[in-house]
Amino acid sequence: MNEQWRCFIALDLPADCHAQLLAIQADLRRLKLPIRWSKPENLHLTLQFLGNVAVDRLPRLQQSLSTMLATQTAPILSCTTWGYFPNASQPRVVWAGFEQWPAQLLKLQQAIVECSSHIGIVAEDRPWHPHITLGYVSAQLTKQQREALASQLQASQWPANPVVYSTCQLIRSITQPQASSYQALETWSIDHA
């Protein structure tokens, strides 16, 4: 039986955006809510979750991604909004996101889905919603807790300046009891026009 690794493809965060999101997380932690905050090294923008991939298929995927990424333009994004999955009344995930999804980002994501389909990976059924997971809610929040969280998120200093997201990675997710750890299998630079 072939060994399988749980993998995804993501954009690494530019340093300034990463630092600002860590500052927002620090402010949110002070609320002492039952939220497991994403580790600093785990903040990223997922382009496609691949699921379990046979290790012997990875070289073909990496080659296909290398070729495709050489033709792409790095997206310019402004991380200026936030939200919850599935919704505000029963949050399970707290995320940072983007009010506008530029054409370069949508084209890049679609090209990645196409590349992965060539090795038999089927895209998720649910629509893709670009976001950066800040934390996972581990217990039901009371109305007061949800209001405090929303108030702090609203008051946060979001990284408003548009920045180039020029680093793409193929990442292995290693499940552990407290939180997953990530191992970059390959990293690519995407040119910005």
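Me: How far apart are the end C-alpha atoms of α1?
Reply: This is a predicted model: local features need pLDDT of at least 70, side-chain atom pairs count only at pLDDT 80 or more, and totals for chains, interfaces and linings use all residues. Residues are numbered from 1 along each chain as its sequence is written, and side-chain values use heavy atoms, without hydrogens or water. Helices (H or I, at least four residues) and strands (E, at least two) are DSSP runs, numbered from the N terminus. At 1.5 Å a residue, the 15 residues of α1 should span 21 Å, the expected span being 1.5 Å times one less than the number of residues; the end C-alpha atoms agree with this, at 21 Å.

Me: How wide is the arc covered by the buried residues of α1?
Reply: Buried means under 20% relative accessible area, exposed over 50%, and partly exposed in between (1.4 Å probe, protein chains only). In α1, the buried residues are C17, L21, I24, Q25 and L28. They sit on the same side of the helix, because their arc (taken from the directions from the helix axis to the C-beta atoms) is only 100°.

Me: Which residues are exposed on the other side of α1?
Reply: The buried residues of α1 are covered by elements including β2, β5, β6, β7 and α4. The other side of α1 carries exposed residues, A15 and D16.

Me: Is Q25 buried or exposed?
Reply: Q25 lies in helix α1. Leaving aside neighbours within four places in sequence, Q25 is in contact (heavy atoms within 4.5 Å) with W37, S38, L43 and L134. Its relative accessible area is 1%, so Q25 is buried.

Me: Which residues touch the most other members of the largest nonpolar core?
Reply: A nonpolar core is a set of buried Ala, Val, Leu, Ile, Met, Phe, Trp, Tyr and Cys residues joined through side-chain atoms within 4.5 Å. The largest one has 48 residues. Beyond its neighbours within four places in sequence, L21 contacts residues including L13, L43 and W158. The residues touching the most other members are L21 and I132.

Me: Which strands stand at the edges of the open sheet?
Reply: Two strands pair if DSSP finds at least two bridges between them. The four strands run β3-β1-β9-β10, with antiparallel pairing. Two of them have a single partner strand each, so one side of each has no neighbour in the sheet: β3 and β10.

Me: Which residue in β3 stands opposite A10?
Reply: β1 covers residues 4–12. Nine bridges join β1 to β3, and the two run antiparallel. Opposite A10 stands T46.

Me: At about what angle does α2 run to β10?
Reply: In α2, residues L58, L61, Q62, L65, M68 and L69 are buried. They fall within an arc of 135°, so they line one face of the helix. Axes are lines fitted to C-alpha atoms, for helices over the stretch in contact, and angles run from 0 to 180 degrees between N-to-C directions. Helix α2 lies across β1, β3, β9 and β10, and its angle to β10 is about 40°.

Me: Where is K32, with its positive phi?
Reply: Most residues other than glycine have a negative phi. K32 is not a glycine, yet its phi is about 55°. K32 counts as exposed, at 72% relative accessibility. Its place is the loop between α1 and β2.

Me: What is omega for the cis peptide bond joining F85 and P86?
Reply: Most peptide bonds are trans. P86 lies in the loop between β5 and β6. Its cis bond with F85 has an omega of about -5°.
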